[in-house]
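This report goes through selected features of one protein model, moving from individual residues to charge pairs, internal space and surface. Please keep the sequence and the coordinates at hand while reading.

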Amino acid sequence: MTTIPPPRGRRGVRPALPALAAVLLTLTGTAAAPGTTAAATAVPAAVLPAAAVPGPARPAAALTGPARPVVPGPRTFDAAPARAALQRLLPRHAAQFTLVPDAAARADTFTVSGTAGAVTVRGSTGATLLTGVGWYLQHVAGVDIGWPGDSLGMLPATLPAVPRPVTRSALVPHRYALNDTDDGYAGPYRSFEEHQRQIDLLALHGVNEVFVQVGAEYPYYKALQGFGYSAAELREWIPGPAHQSWWLLQNLSGFGGPVTERLVRERAALGGRIAAQLRGLGMTPVLPGYFGTVPPGFAARNPGATTVPQGDWAGFDRPDWLDPASPVFGRLAAAYYAEQRAVFGDSAMYRMSPLHEGGQTGSVDVKGAARAIQGALHTAHPGALWAVLGWQDDPTPELLAGVDTSKLLILDGLSDRYNRLDREARWGGAPYAMGTIYNFGGHTTIGANTSVWLDRFASWRAKDKSALAGTAYLPEATGTNPAAFDLFTDLAWEPAPVDQRAWFAGFAARRYGRPDPEAAAAWEELRKGPYSTSSGLWSESQDSLFTARPSLTAAGAAYWSPKSMRYQAGSVRRALDHLLRVAPGLRSSSAYRFDLVDTARQALANHSRELLPQIKAAYEAKDAARLRELTGRWAEGERQLDALTGTDPNFLFGRWLAAARSWGTTPAEQDRYAYDARSILSVWGRRSTSEGGFLHDYANREWSGLVSEFYAKRWELYFDGLEEALARRAAPREIDWHAYEERWARGTSRPPATPSGDPYARAAAVAAALPPAAAAD
């Protein structure tokens with residue numbers, strides 16, 4: 001899920017186009033790379049002029065001069081960005097912290113000390129200073145700033161003293177965050193303020209490397225105009241923001257577009273601001289690298305180029321792959337990195353996954369291609385790390401054989417999914433980060449394989465000749481499951497192995513700002529249930545049948561999700577009862593309200609798996625009265641679900657839509673972006689993708705507005721057909737679901753973008769309507 005503010009005027013949200021050149025010049029000017037005092041490459045005043053369409057790409061030297069290596073220097077840095085973040089995070093208490101840059105500290109180290117009302121945090125980077133603040137809040141002040149929800153209202157006016165100075169150093173150098181899909185599934189139309197909040201939270205929780213996708217279309221757009229393509233052609237080729245994640249992965253092109261000149265420029269400006277914000281805190285902005293994606297007809301327009309058709313991906317024609325061994329590749333890569341540097345500055349890490357999910361090698365020598373890709377990266381950014389996703393069969397032995405693996409980091413997306421994993425043997429000792437993908441498509445489902453994390457992080461680090469060099473926080477959409485976020489990011493900073501039961505007990509105490517027996521009991525139930533699922537097949541829990549395409553045999557909403565419960569449903573049902581009995585004085589925090597709504601939502605979702613088989617039995621028994629009674633219960637469950645989620649800002653479909661529409665300058669443009677945002681949640685793509693590629697409902701989520709106008713209406717249509725079939729004594733009429741869903745995706749409804757109702761009352765009503773916990777086991 002994502003938290004998106006209500007629609008606002010364009011002023012103050014994004015820079016107006018006439019001022020964009022100055023904004024972008026400012027963005028890429030003087031931020032220092034992590035661990036250095038050197039400024040980023042200066043940007044010429046001509047970058048991104050306000051003129052309508054840019055001309056052909058210029059040679060790299062004309063933009064920036066020769067690329068410079070990042071030279072390590074003393075860890076002196078300006079703590080002002082960290083202080084500004086602290087002011088945003090703790091506006092009432094920021095003045096009680098003193099943040100001290102510590103040039104003598106080891107890398108990735110903080111020390112917390114101080115008396116009541118005067119807490120001192122020393123650290124090696126701005127982000128590490130914030131990590132120290134986060135440690136203090138968690139372990140001394142006993143409150144939580146989660147993602148989402150916090151209990152800061154429980155902080156006393158004067159912050160408590162630190163009993164004795166505490167120093168912590170990260171156990172691994174790489175603490176990476178954000179899946180390639182996060183921008184598409186968590187909020188493709190977010191504002192800078194929302195991205196800034198995300199960065200603040202990641203720093204507070206110890207992350208130091210963050211993927212920056214926003215604006216990634218810009219270097220393609222500029223560079224390819226020097227290789228035979230018009231600006232208009234490229235704007236047709238670039239997908240809408242909600243679908244750009246998969247274009248960067250070389251899976252599709254064009255869908256959700258065409259994009260406009262203004263959108264390309266404004267997203268570039270936003271991405272530049274995000275990268276600068278990260279650098280200011282001493283974090284690494286991980287930028288997309290260039291590995292060969294080109295538009296159709298590239299070889300015909302560029303003599304000497306060799307391209308390989310990439311075939312089909314879930315019903316889409318994949319973009320072609322330019323053979324990295326061809327001379328044209330080096331020229332295009334240089335132009336790409338020059339244009340990227342002009343807006344985003346330099347970085348020490350670049351993200352690339354050639355041949356992702358079934359790409360075709362053709363006659364290309366993969367070893368040689370990998371060497372050329374890394375060579376082009378190092379020509380532009382000497383010594384930069386190449387971050388590659390460990391997913392399915394990638395990275396292959398052939399790719400690894402062609403690169404300097406000391407300059408590679410594998411982000412393992414399968415660490416907690418399967419058993420009998422030997423990453424050193426699989427990847428030949430290449431450095432890797434243990435990762436987790438506990439959320440797919442932005443599903444609103446509670447749970448994660450947390451016991452697997454705890455066991456494997458400790459045992460894999462202790463392994464002889466271990467290549468474990470980091471953690472990788474990789475849910476397909478962030479902003480869900482705050483307990484999972486807190487626990488996974490804690491792994492890299494806890495000197496002793498983490499005890500799962502003790503950790504959840506501590507989380508329950510700080511989550512609402514004070515120990516409470518009912519909160520402790522609730523989180524113990526959640527720990528034993530959805531947060532103790534095992535590895536073997538899945539890293540995510542099951543989704544809801546309320547959000548599934550209607551069928552009496554529906555076993556899940558998303559085709560690729562678990563088809564049955566991964567834990568005893570009674571654990572969530574009991575947790576809901578306990579949360580409703582938490583002391584009234586602890587119920588005012590956003591953390592409590594979110595957890596209560598989320599737990600009640602999950603209890604309802606789990607009940608859908610009990611109710612649907614009863615509906616099926618009534619239909620097969622031709623019991624029309626029973627069928628009507630049960631489908632009425634189903635409809636009431638969806639009505640309750642919509643009302644419940646409507647009480648919390650994190651579950652509002654209206655905010656998702658309002659954000660998309662806010663980027664358009666005309667009604668037609670607003671409708672196009674709204675379709676981009678609506679389709680990713682429903683049909684996903686065209687008919688071949690939705691049906692043949694099984695991607696419809698991949699990104700289902702139980703949001704107010706989405707439930708009432710899409711999921712509930714779809715089930716209502718289906719159940720009406722069943723009743724009609726019983727009355728006619730005939731088979732139910734067939735429904736073209738894709739056509740129905742596509743009409744909805746093209747709709748222009750504007751559901752509420754602000755919450756309403758009392759979350760406690762709604763959750764209590766859900767608990768009263770559900771069977772007791774004993775019946776759920």
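## A buried threonine in a loop

In this predicted model, Thr181 sits in the loop that runs between β5 (174-177) and α5 (182-186). Its relative accessibility is 3%, and Thr181 therefore counts as buried, the limit for that class being under 20%. Once neighbours within four places in sequence are set aside, the residues in contact with Thr181 are Ser245, Trp246 and Glu476.

## Salt bridges

Side chains of opposite charge can pair when their charged atoms come close. Over the whole structure, the search returns 43 salt bridges. In one of them Asp183 pairs with Arg190, with 3.6 Å between the closest N and O atoms. Both partners fall in the buried class, since Asp183 has a relative accessibility of 4% and Arg190 one of 6%.

A further salt bridge joins Arg235 to Glu261, where the closest N and O atoms are 3.3 Å apart. Arg235 belongs to helix α8 (residues 231-237) and Glu261 to helix α10 (residues 261-280), so this pair ties together parts that lie 26 residues apart in sequence. Arg235 is buried, at a relative accessible area of 18%, and Glu261 is likewise buried, at 11% relative accessibility.

Glu742 and Arg746 also meet through their side chains in a salt bridge, at 2.9 Å from N to O. Here the two partners fall into separate classes of accessibility: Glu742 is buried, with a relative accessible area of 17%, whereas Arg746, with 53%, is exposed. Elsewhere, salt bridges that share partners link Asp182, Asp183, Arg190, Glu217 and Arg267 into one network.

## A leucine with partners distant in sequence

Leu552 is placed in the loop between α19 (517-528) and α20 (570-580), and its relative accessibility of 13% means that it counts as buried. Leu552 and Leu612 are separated by 60 residues in sequence, yet their C-alpha atoms are 6.7 Å apart in space.

Which residues is Leu552 in contact with, leaving aside its neighbours within four places in sequence? They are Leu612, Ile615, Lys616, Tyr619, Tyr718 and Leu722.

## Internal cavities

The count of cavities of 30 Å³ or more comes to eight, and the largest cavity holds about 210 Å³ of space. Its lining is made up of 20 residues, and those that lie nearest the centre of the cavity are Gly134, Trp135, Gln138, Leu204 and Asp490.

At least two residues of this lining are supplied by each of α4 (126-141) and α17 (482-490). The largest share, six residues, comes from α4.

## A nonpolar patch on the surface

Turning to the outside, Tyr559, Trp560 and Phe694 make a nonpolar surface patch of about 330 Å². Phe694 is located in the loop between α25 (687-692) and α26 (706-728). With a relative accessibility of 34%, Phe694 counts as partly exposed; this value passes the requirement of over 30% relative accessible area that applies to residues of a patch, so Phe694 can be included although it does not reach the exposed class, which begins over 50%.

Key: Residues are numbered from 1 along each chain as its sequence is written. This is a predicted model: local features need pLDDT of at least 70, side-chain atom pairs count only at pLDDT 80 or more; totals for chains, interfaces and linings use all residues. Side-chain values use heavy atoms; hydrogens and water are left out. Patches are made of residues with over 30% relative accessible area and no salt bridge: like charges are joined within 9 Å, nonpolar side chains (Val, Leu, Ile, Met, Phe, Trp, Tyr) within 5 Å. Accessible areas come from the Shrake-Rupley method with a 1.4 Å probe; for residues, only the protein chains shown count as cover. A salt bridge is a side-chain nitrogen of Lys or Arg within 4 Å of a carboxyl oxygen of Asp or Glu. Helices (H or I, at least four residues) and strands (E, at least two) are DSSP runs, numbered from the N terminus. Buried means under 20% relative accessible area, exposed over 50%, partly exposed in between (1.4 Å probe, protein chains only). Contact means heavy atoms within 4.5 Å. On a 1 Å grid over the protein atoms alone, a cavity is a set of points where a 1.4 Å probe fits but cannot get out, and a pocket is an open set with protein on both sides within 12 Å along at least five of seven lines; lining residues have an atom within 4 Å of a point. Grid points are joined across faces, edges and corners, and a volume is the space filled by probe spheres set on the points.
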